[in-house]
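Please examine the sequence and the three-dimensional model shown here, and then follow the explanation below.

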Amino acid sequence: MTDRPNSSGPSSAIVIGAGLGGLSAAMRLGAKGYRVTLLDRLDRVGGRGSSVTQNGHRFDLGPTIVTVPQVFEQLWAECGRDFRKDVDLRPVDPYYEIRWRDGSVFTVRQDEGAMIDEVHRLSPRDVPGYRKFLKDSEARYQFGFEGLGRRPMNKLADLIRELPGFVKLRADRSVYGHAAARVRDPRLRMALSFHPLFIGGDPTHVTSMYILVSHLEKEFGVHYAMGGVQAMADAMVRVIEDQGGTVRRGVEVDEITVTAGRADGVITGDGEHLAADIVVSNADPGTTYDHLLRNQTKRRWTKARLNRSRWSMGLFVWYFGTKGTAGKWTDVGHHTILNGPRYKGLLNDIFMKRHLAHDMSIYLHRPSVTDPSVAPKGDDTFYALSPVPNLHGADSVDWDEMCETYRRNLAGVLNEHLIPGFEDHLSASHILTPADFQTRYLSPHGAGFSLEPRIFQSAWFRPHNISEEFANLFLVGAGTHPGAGIPSVVTSSEVLTQLVPDAPRPYVVAPTKVAAE
C-alpha cells in the first residue's frame, strides 16, 4: 500500500508525463508552493516535442510551429522568470508556403496587405470574402481562446453559459463549411480551412470555432525556438529544478493509486510507491482512465465510452538528413505544405473510411534554413509529415507491412514536386508511424492528437482538467480542455491552476549559497 504524504511536510504533487502540458503544470504548481515530482518514461523531456539525434542531425519529433508566445511569457512570469532570457524564439516570415500540384502557390505572411495581395493574385473576386473571414476568425479567437479556452469547463453550467456564443458564431458549421461560405476558389477554401489538421481534426467536420487559428497566426506570428521545441522543454526543466522540483526520466508510471475516492500517489513500473497530495496526469486521458486507473470503477470515462469516441488521425513522419544540400532547393523554405490531388476526398479516406490512400498531402519542415544546430555544416535536416488513418478498428493499417511502401511513395512525391534528387544525398533516416505513437507515447489507437476536437468532444464534453472520477486528480495536455496545439496545451495548465488551491504547506527552496570571493 502506498505510504500517505507526510502531513507535517510540504504539500506535494506528482505530475505524470513531461510533455509541454506536464512541464508547464509542474512549473505552475511549483510557483503555487508544491514540491513537485515529474515522472516521464522517455529519456528526453518534451513528450511529442522531444527529439532524437542521428549522424549529427537533430530531429524534433513533434510540433515545429510556436504561436502565441505570450502564453509562455505569462507562464515564466508566474514563476518569477523571463521567458525571453531562457528561450531564443525567432519569428518566421513567410510563415509557410502552400503548394498545389497544378503549380499554384499561396504564401502566408503576417502582413495583412501582403495577404490581400496573395488572395487577389489567386482569385480577385474572393478578396471581400477573405476580409470577412479574418473578422470571423478574430471574433472566434476572442470567444474561444481568450474566453472559454482559458477558463475551466468542468461544470455543465460553464457550458450553458456559453451557448449563446456558440449559436451566434455558428459553431454547428464546420471549418471547411465556413471557409466555403466566404470564398469560392477551391485553393483558398483549402488554405483557410486546413488548420484543424495541426490539432488532429477533420476540417470538414470540426466546428468552425477553430478558424480562430487564422487570427492567432495573423496577430501573434509564427515562431521557431532555436534548438527546437526540445530546447523549450529543457528550459522548462531548469525552472522546475530551480523551484526545488524533481524531474525523473526513464520512469514509467503503471498505476495511479486511489484511496476512498481520492488519488493519493502512483506506482511505477518497477513497483516503487510514491505518495502525493495531488496527482496531475499529462498522459492521454484514454491512457489515464483506461490503464493508469484500470483497477478503479469509472462512471463517465469507461472503456466503452472511450472506444465510442472519435480519435484524431494518425501521422506518418519521415525524418531525414541530406549531406551537402544547404545551397540546394532554394525555393523550399522552413515550412512548406504540398497538397495532394484531392482535398475533401483524402480527408474522408483518413477520418471517415480510415483507409490508407495512394495519394497524400505533405507538410515538409526544413529547420536547417533557420537553425544551424539541427544539421552538420552544409547539410540539411527535414521532416516530412503525412496525415494517415489512426489504428482504431479491426481493419487498421498494418504498419509493419506498409511502412516501407508508404515511405517510398512519399519519397516519390517529394522527389517529383519539392526536393528533386534528395535521395542521392541521404545521410540519416528515422520514421514514426501511428504504431510508434502507440508504443512511444502510449497514444490510444496511435492517434497523433488524442480525441478529435469535434463540437461534442470539446469544452465540457472533453475530459475535464479536474477529474470527474476521483478527487485530487487533475488532467492537462492535448486530450483535455482546451485541446491540442502548443498554446492550448500550455493553457490547460493555466486552467489547472484555477482549480488547484495554493499549497496548504508551501515548499520553500533554500537559497543557494554563494562562495565568498
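The paragraphs that follow treat strands, then helices, then two individual residues. The model is a predicted one.

The account begins with an open sheet of 5 strands, arranged in the order β9-β2-β1-β13-β19 with parallel pairing. The edges are occupied by β9 (246–249) and β19 (473–475), each of which has a single partner strand; one side of each is therefore left without a neighbour in the sheet. On average, and with direction ignored, neighbouring strands of this sheet are turned by 20° against each other. Within the sheet, strand β1 (residues 12–16) and strand β13 (residues 278–281) run parallel and are joined by 4 bridges. One residue pair locates this pairing in the model: I14 has V279 in β13 as its bridge partner.

Strands β1, β13 and β19 appear again in the surroundings of helix α11 (residues 285–292), since the buried residues of this helix pack against β1, β10 (253–259), β13, α12 (303–308) and β19. Of the 8 residues of α11, 6 are buried, so the helix is largely enclosed by the rest of the structure. The buried positions are P285, G286, T287, T288, Y289 and L292.

A further strand to consider is β15 (residues 335–338), which pairs with β6 and with β16. Strand β6 (residues 96–99) runs parallel to β15 and is joined to it by 3 bridges; here R99 stands opposite L338. Strand β16 (residues 362–365), in contrast, runs antiparallel to β15, with 4 bridges between them, and I337 stands opposite Y363 of β16. Which way do the residues of β15 point, and are they buried or exposed? H335 and I337 point one way from the strand, whereas T336 and L338 point the other way, and all are buried.

The next topic is a pair of packed helices. Such a pair is described by the angle between the two axes and by the distance between them. The axes of helix α2 (residues 70–78) and helix α16 (residues 486–499) come within 9 Å and cross at roughly 30°. Because angles under 35 degrees count as roughly parallel, α2 is roughly parallel to α16. The crossing in which α2 passes α16 is left-handed. On the α2 side the contact is made by V71, F72, Q74 and L75, and on the α16 side by I486, P487, V490, T491 and E494. These contact residues divide into 6 nonpolar, 2 polar and 1 charged.

E494 of this contact merits separate attention. This residue is found in helix α16 and is buried, with a relative accessible area of 11%; the assignment follows because buried means under 20%. Leaving aside neighbours within four places in sequence, E494 is in contact with R28, Q74 and R150. Among these, Q74 is also one of the α2 residues that make the contact with α16.

A second glutamate, E112, lies in helix α4 (residues 112–122). Is E112 buried or partly exposed? With a relative accessible area of 34%, E112 is partly exposed, because that term covers values between the 20% and 50% limits. Apart from neighbours within four places in sequence, E112 is in contact with R131, L134 and K218. For one of these partners the separation can be stated: E112 and R131 are 19 residues apart in sequence and 9.5 Å apart in space, taken C-alpha to C-alpha.

Note on methods
Residues are numbered from 1 along each chain as its sequence is written. This is a predicted model: local features need pLDDT of at least 70, side-chain atom pairs count only at pLDDT 80 or more; totals for chains, interfaces and linings use all residues. Side-chain values use heavy atoms; hydrogens and water are left out. Buried means under 20% relative accessible area, exposed over 50%, partly exposed in between (1.4 Å probe, protein chains only). Helices (H or I, at least four residues) and strands (E, at least two) are DSSP runs, numbered from the N terminus. Two strands pair if DSSP finds at least two bridges between them. Axes are lines fitted to C-alpha atoms, for helices over the stretch in contact, and angles run from 0 to 180 degrees between N-to-C directions. Angles under 35 degrees count as roughly parallel, over 145 as roughly antiparallel, 65 to 115 as roughly perpendicular and the rest as oblique. A crossing is left-handed if the near helix is turned anticlockwise from the far one by less than a right angle, and right-handed if clockwise. Contact means heavy atoms within 4.5 Å. Ala, Val, Leu, Ile, Met, Phe, Trp, Tyr, Cys and Pro count as nonpolar, Asp, Glu, Lys and Arg as charged, and the others, Gly among them, as polar.
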